[in-house]
Amino acid sequence: MQGAHLTGEVVETDIPARLDRLPWGRFHKLVIAALGVTWILDGLEVTLAGSLAGALKESPTLHLTNTDIGLASSAYLAGAVLGALFFGWLTDRLGRKKLFFITLFLYLIATAASAFSWDVWSFCFFRFLTGAGIGGEYTAINSTIQELLPARVRGWSDLVINGSFWIGAALGAAGSVVVLNPAIFAIDTGWRVAFFIGAVLGLVILFMRFWIPESPRWLMTHGRAREAEEIVAGIEARFRAEGHALDEGPFPRNKLRARSHTPLSEVFTALFHTHRSRAVVGLSLMAAQAFFYNAIFFTYALVLTDFYNVPSDHIGLYILPFAVGNFMGPLLLGRMFDTVGRRPMIAFTYVASGVLLAVSGYLFQQNVLTPVTLTLCWVVVFFFASAAASSAYLTVSETFPLEIRALAIAAFYAVGTGVGGVAGPAVFGHLVQTGSRLTVFAGYLFGSVLMILAAGVVWRWGVAAERKSLEAVARPLAFAD
């Protein structure tokens, strides 16, 4: 019957080939709009939270200290890591669609609740839940997008979606200027309105997702081949109604043995034995970009205020061009990840990021840069670094089998977030605190070396996944042929 879990049954299907042969159309654009907007939310959350620090300290209700704000940031980070792991496991077990509703609903409720915080502990608790929702979103959304988009555009679309984090960052920087303006909102109201912005956006996105189908690839491996067939047939009918002429096949067919879930023992075997070299590549890329990115981005304001005496209320003006450069990198370079290829482009963007960081760091150490020219340097550096960072997420989401894809994304996201969110800012915050340009430059060199080493790893063991179906890149565990 439709929807039944016929565990152990061997079925034959051509669903992957039919999804990959679809032309780029309105369906794919709507998938990106409804699901990819998660990264905009994350960028908005991170930037708003950073911009609200002063208001939270001045709030008559919360009157947080610097330590309290650091604690809240750690709570958000811990939530993101634990949420990614827990919801990633559920996404592989219960399905993509259920989880991208659950995680978005959790984010919506938690960020709205943050606006009603009454003390530091309630604020930290709500920020923890917000982080858990965002972390879970990463796993459910990355899996769904990978499995619905055609193979020939998977690289570019994934890079642009991940790069859209910086659209959210730009919105957060601009929005903070408005909500923190005492002429518009009272001092204890503006920060509450800021959190409501995220909740309202989340509510709009929740309604957009109702028409997104469950991943047919997930359904076909979980004994629900008839449901998967109906969904793909419906998608094809949509394209024909829009005037597209579709190739009628015949298409390559695969045999698979349906399963209700994948045991954790099989997950660990696939991750750390069967695909050990891919795990090393994923870990290297995620850890290097996370340290590089978060160390510099989250201490950028400190560098501007401590070394250039830029007023704190002007910081957003310097973040805006930084955010634009970060989005333009994946947008303009992304096509080449599908044409030139994954390995050469990933290696190139990682090396370019490392070299340009070293050069910019040297100019900073020599004290020849102004706040404007330093910002221009970061725009150029992160034009390449943003594409590199996005390619790390692309790599870990397409090089592991379908049955463990979400959990693999979660595991590497957790490592990257942990390394970048804890080690990076902590180390660089200490370096900036010394007041020594040479010491800060040494930190930049360390980040540069990490990126170049990661480029060597991907050049040696990276997978040429461009324009290949997900099943050809990583054979699903359920395949019986």
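## Close-up views of a predicted model

**View 1. Asp42 and its helix.** D42 is found in helix α3, which covers residues 38–51. Keep in mind as you explore that this is a predicted model. Is D42 buried or exposed? With a relative accessible area of 7%, D42 is buried, because buried means under 20%. Now look for L19, which sits 23 residues from D42 along the chain. The C-alpha atoms of D42 and L19 are separated by 29 Å.

**View 2. Strands β1 and β2 side by side.** Strand β1 takes in residues 10–13, and strand β2 takes in residues 254–257. How many bridges join β1 to β2? There are four, and the two strands run antiparallel. To find one of the partners, start at V10, whose bridge partner in β2 is R257. Strand β1 also has two faces to compare: V11 and T13 lie on the covered face, while V10 and E12 lie on the uncovered one.

**View 3. The second largest pocket.** This pocket has a volume of about 210 Å³. Its lining includes L85, L264, F268, F272, L283, F412 and V415. Three elements give two or more residues to the lining: α13 (264–274), α14 (276–297) and α19 (405–433). Which of them gives the most? That is α13, with five residues. By class, the lining has twelve nonpolar residues, with no polar and no charged ones.

**View 4. Helix α14 from end to end.** Here is a closer look at α14, one of the elements that help line the second largest pocket. Helix α14 has 22 residues and reaches 31 Å from its first C-alpha to its last. That span is close to the 32 Å expected at 1.5 Å a residue. How many of the 22 residues of α14 are buried? The count is 17, so α14 is mostly covered, with buried meaning under 20% relative accessible area. As you follow a helix with your eye, remember that an α-helix has 3.6 residues a turn, so residues three or four places apart point the same way.

**View 5. The largest cavity.** A search of the whole structure finds two cavities of 30 Å³ or more. The largest cavity has a volume of about 70 Å³. Around the largest cavity you can pick out W89, D92, R93, H261, T262, V267, E403, I404 and L407. Helix α5 (residues 66–94) provides the largest share of this lining, three residues. What classes make up the lining of the largest cavity? It has four nonpolar, two polar and three charged residues.

**View 6. The second largest cavity.** About 60 Å³ of space lies in this cavity. Among the residues lining the second largest cavity are V281, R342, R343, I346, E398 and V463. Both α17 (342–365) and α18 (371–398) supply at least two residues of the lining, and the largest share, three residues, comes from α17. Sorted by class, the lining of the second largest cavity divides into five nonpolar, three polar and three charged residues.

**View 7. Two buried cysteines.** C124 counts as buried because its relative accessibility is 7%. C377 counts as buried too, at 16% relative accessibility. A disulfide is a covalent bond between the sulfur atoms of two cysteines. How many disulfides does the structure hold? It holds zero.

Note on methods: Residues numbered from 1 in each chain as written. Predicted model: local features only at pLDDT ≥ 70, side-chain atom pairs only at ≥ 80, totals over all residues. Heavy atoms only, no water. 1 Å grid on protein atoms, 1.4 Å probe; cavity = no way out; pocket = protein on both sides within 12 Å on 5 of 7 lines; lining within 4 Å. Points joined across faces, edges and corners; volume = space filled by probe spheres on them. Nonpolar A, V, L, I, M, F, W, Y, C, P; charged D, E, K, R; others polar. Disulfide = S-S within 2.5 Å. Buried < 20%, exposed > 50% of the residue type's maximum accessible area, 1.4 Å probe, protein only. Expected span 1.5 Å × (residues − 1). Pairing = 2+ DSSP bridges.
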